[in-house]
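Colleague: Could you take me through one part of this protein up close? I'd like to see how two helices sit against each other, starting from the overall picture.

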Amino acid sequence: DLVIDTSHMRTAALRARLNAAFSELTEQQLLDVNVFSFGFKHGAPLDADLVMDVRFLPNPYYEPQLRSLTGLDKPVSDFVLYRPETEEFQEKWRALLDCVMPGYVAEGKQQLAIAVGCTGGQHRSVALAESTADYLKAKGYRVSIAHRDLSLAEGADASARSGAAAGR
């Protein structure tokens with residue numbers, strides 16, 4: 001039996017005490033982190049706790065051989081991730097995450113949504129959302145990843161290609 005006097009206890013402290021007594025997960029693992037990419041041209045997310053705008057990075061869309069690919073494809077991911085400006089950004093982005101994530105855990109937050117956005121949600125945001133998710137997983141967080149607008153970007157490009165082909 002466990003008796004807890006909650007008379008002067010905050011909700012977060014009670015949650016932490018119960019988790020410590022009955023869960024095998026660490027406090028860090030109890031935070032459900034959802035990292036997702038999106039395109040600003042499809043609207044900014046309303047449900048994100050953290051939003052990172054990566055439109056300042058060079059855009060693979062303007063490279064003809066990369067335009068039809070996505071940030072899930074190695075050529076695009078390499079184009080985005082292995083540039084000096086992206087490497088500097090990621091170092092600072094990860095330092096920010098290292099600063100804020102323990103605070104969310106300490107506050108007893110159960111869900112955290114991290115959104116990474118670029119113009120269309122196809123290239124830069126996808127590659128950087130994947131990289132962010134991998135980083136947080138390596139730090140011991142439970143992370144899921146999604147790409148909100150990836151199908152919209154692919155669908156728009158496919159429609160444009162089929163429309164151009166029909167016009168020939």
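Modeller: Let's begin with the contacts across the whole chain, keeping in mind that this is a predicted model. If you take the contacts with a separation of 6 or more, 76% of them come from residues 24 or more positions apart. The protein has 168 residues, and 36% of them count as buried. As for the outside, about 9,700 Å² is exposed, with carbon and sulfur atoms supplying 52% of that. There are six helices and four strands in all, and reading from the N terminus their order is α-α-β-β-α-α-β-α-β-α.

Now for the close look. Two packed helices are described by the angle between their axes and the distance between the axes. Our pair is H4, covering residues 84-106, and H5, covering residues 124-138. They pack at an angle of about 45 degrees, and their axes are 11 Å apart. So H4 is oblique to H5, because an angle counts as oblique when it is not under 35 degrees, not over 145 and not in the 65 to 115 range. The crossing of H4 past H5 is right-handed.

Which residues make the contact between H4 and H5? On the H4 side, look for Thr86, Phe89, Gln90, Trp93, Arg94, Leu97, Asp98 and Met101. H5 brings Leu128, Ser131, Thr132, Tyr135 and Leu136. Sort the residues of this contact by type and you get seven nonpolar, four polar and two charged.

How values were computed: Residues numbered from 1 in each chain as written. Predicted model: local features only at pLDDT ≥ 70, side-chain atom pairs only at ≥ 80, totals over all residues. Heavy atoms only, no water. Helix = DSSP H or I, 4+ residues; strand = E, 2+ residues; numbered from the N terminus. Buried < 20%, exposed > 50% of the residue type's maximum accessible area, 1.4 Å probe, protein only. Contact = heavy atoms within 4.5 Å. Areas by Shrake-Rupley, 256 points an atom, 1.4 Å probe, with all protein chains shown as cover. Axes fitted to C-alpha atoms, helices over the stretch in contact; angles between N-to-C directions. Left-handed = near helix turned anticlockwise from the far one by under 90°. Nonpolar A, V, L, I, M, F, W, Y, C, P; charged D, E, K, R; others polar.
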